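Work through the exercises below with the sequence and the model at hand. Each task is followed by a solution in steps.

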Amino acid sequence: MIVSKMVPLFSLVALAAVLASIAFAAQDLVALRQADMQAMATAAKTMAGMFRDAGSYSSMEFEKAAAAISARSGTVLAGHFAHGLDDPGSKASSEVGPERERFGALANDLRDYARALEAAAVENPGAMTESMRMKPGEAMGGGPFGTHVQSKAQLASIPAEHIFHLMMQTCTTCHARFRTSR
Ligand code: HEC
């Protein structure tokens with residue numbers, strides 16, 4: 001008798017604990033992805049500073065900044081939005097769910113651009129070379145490529161500064177579609 005009465009009580013307590021841990025995990029995930037976004041913003045600022053003042057370019061610091069973004073993009077980024085879309089502390093739009101494919105594609109573009117920038121840093125170990133800079137009149141706004149990465153070979157053929165702008169456009173494109181201002 002006692003046991004049969006205790007079982008439902010016990011399972012209720014267990015259920016409550018499970019629910020609480022799911023809520024906690026979702027909150028953790030929101031905090032984690034927001035911290036990752038902040039880290040990417042800091043890294044992007046570092047790179048922007050080097051393009052603004054080429055004398056401050058350090059191949060190692062540039063590579064580190066690009067790697068900070070590549071490590072937080074792609075499937076890692078997309079995975080951090082698997083839950084917690086309706087968390088009150090999150091600004092993720094509910095569109096992420098139904099448009100997961102597009103969201104993931106943008107996250108992958110971000111990774112590809114960041115990796116191309118890592119490669120550029122390795123190829124330019126000394127000063128920031130002219131080959132890293134955009135040429136006057138070089139098509140911007142996604143240029144001939146749009147913001148979507150067409151192929152790695154194409155990426156390797158465009159200057160790092162241009163790739164950087166395409167990368168930043170990927171941040172903006174995703175935010176415009178998938179970040180709310182609530
Ligand atoms: C694939 C989509 C996507 C890409 C790409 C992306 N973001 Fe975000 N970002 C989001 C979403 C969604 C949020 C809202 C997250 C939340 O509040 O849960 C966000 C939030 C942020 C925030 C606010 C974090 C906070 O503390 O609340 C910053 C800063 C940010 N992003 C910077 C960047 C930068 C810089 C890049 C590019 C290097 C970038 N993001 C690329 C989707 C993206």
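**Exercise 1. The shell around the ligand**

Find which helix gives the largest share of the shell around the ligand, and describe the shell by element and by class.

Solution. The model is a predicted one.
- Step 1. Helix α1 supplies the largest share of the shell, with eight residues.
- Step 2. In total, 23 residues surround the ligand, and the closest are Q34, M37, S90, C171 and C174.
- Step 3. Two or more residues of this shell come from each of α1 (2-52), α4 (100-123) and α6 (160-178).
- Step 4. Sorted by class, the shell holds 15 nonpolar, five polar and three charged residues.

**Exercise 2. Inventory of the fold**

How many helices and strands does the protein have, and what percentage of its residues is buried?

Solution.
- Step 1. There are six helices and zero strands.
- Step 2. Read from the N terminus, the order of elements is α-α-α-α-α-α.
- Step 3. Of the 182 residues in the protein, 27% are buried.

**Exercise 3. Spans of α2 and α6**

Compare the end-to-end reach of α2 with its expected value, do likewise for α6, and list the buried residues of α2 and of α6.

Solution.
- Step 1. Helix α2 covers residues 59-70, which is 12 residues. From first C-alpha to last, α2 reaches 16 Å, close to the 16 Å expected at 1.5 Å a residue.
- Step 2. In α2, the residues F62, A65, A66, A68, I69 and S70 are buried.
- Step 3. Helix α6 has 19 residues, and its reach of 27 Å is close to the 27 Å expected at 1.5 Å a residue.
- Step 4. The buried residues of α6 are A160, E161, H162, I163, F164, H165, L166, M167, T170 and C174.
- Step 5. C174 is thus on the buried list of α6, and C174 is also one of the closest residues to the ligand.

**Exercise 4. Packing of α4 against α6 and α2**

Describe how α4 packs with α6 and how α2 crosses α4.

Solution. Two packed helices are described by the angle between their axes and the distance between the axes.
- Step 1. For α4 and α6, the angle is about 160° and the axes are 9 Å apart. The cut-off for roughly antiparallel is over 145 degrees, so α4 is roughly antiparallel to α6.
- Step 2. The crossing of α4 and α6 is left-handed.
- Step 3. For α2 and α4, the axes come within 8 Å and cross at roughly 165°. That makes α2 roughly antiparallel to α4.
- Step 4. The crossing of α2 and α4 is left-handed as well.

**Exercise 5. Four residues, their exposure and a partner in space**

Place K152, A119, G84 and F51 in the chain. Decide for each whether the residue is buried, exposed or partly exposed, and give the C-alpha separation to a residue elsewhere in the sequence.

Solution. The cut-offs are 20 or more other C-beta atoms within 10 Å for buried and 12 or fewer for exposed, with partly exposed in between.
- Step 1. K152 lies in helix α5 (residues 152-156). K152 has 12 other C-beta atoms within 10 Å, so K152 is exposed. Its C-alpha atom is 7.8 Å from that of D112, 40 residues apart along the chain.
- Step 2. A119 sits in helix α4. Because A119 has 17 C-beta neighbours inside 10 Å, A119 counts as partly exposed. The C-alpha atoms of A119 and A156 are 8.6 Å apart, with their positions 37 residues apart along the chain counted as a separation.
- Step 3. G84 is in the loop between α3 (74-79) and α4. G84 counts as buried because 21 C-beta neighbours lie inside 10 Å. G84 and A25, 59 residues apart along the chain, have C-alpha atoms separated by 8.8 Å.
- Step 4. F51 belongs to helix α1. With 18 C-beta neighbours inside 10 Å, F51 is partly exposed. Its C-alpha atom is 8.0 Å from that of R133, 82 residues apart along the chain.

Notes
Residues numbered from 1 in each chain as written. Predicted model: local features only at pLDDT ≥ 70, side-chain atom pairs only at ≥ 80, totals over all residues. Helix = DSSP H or I, 4+ residues; strand = E, 2+ residues; numbered from the N terminus. Expected span 1.5 Å × (residues − 1). Near = placed C-beta within 6 Å. Nonpolar A, V, L, I, M, F, W, Y, C, P; charged D, E, K, R; others polar. Axes fitted to C-alpha atoms, helices over the stretch in contact; angles between N-to-C directions. Parallel < 35°, antiparallel > 145°, perpendicular 65-115°, else oblique. Left-handed = near helix turned anticlockwise from the far one by under 90°.
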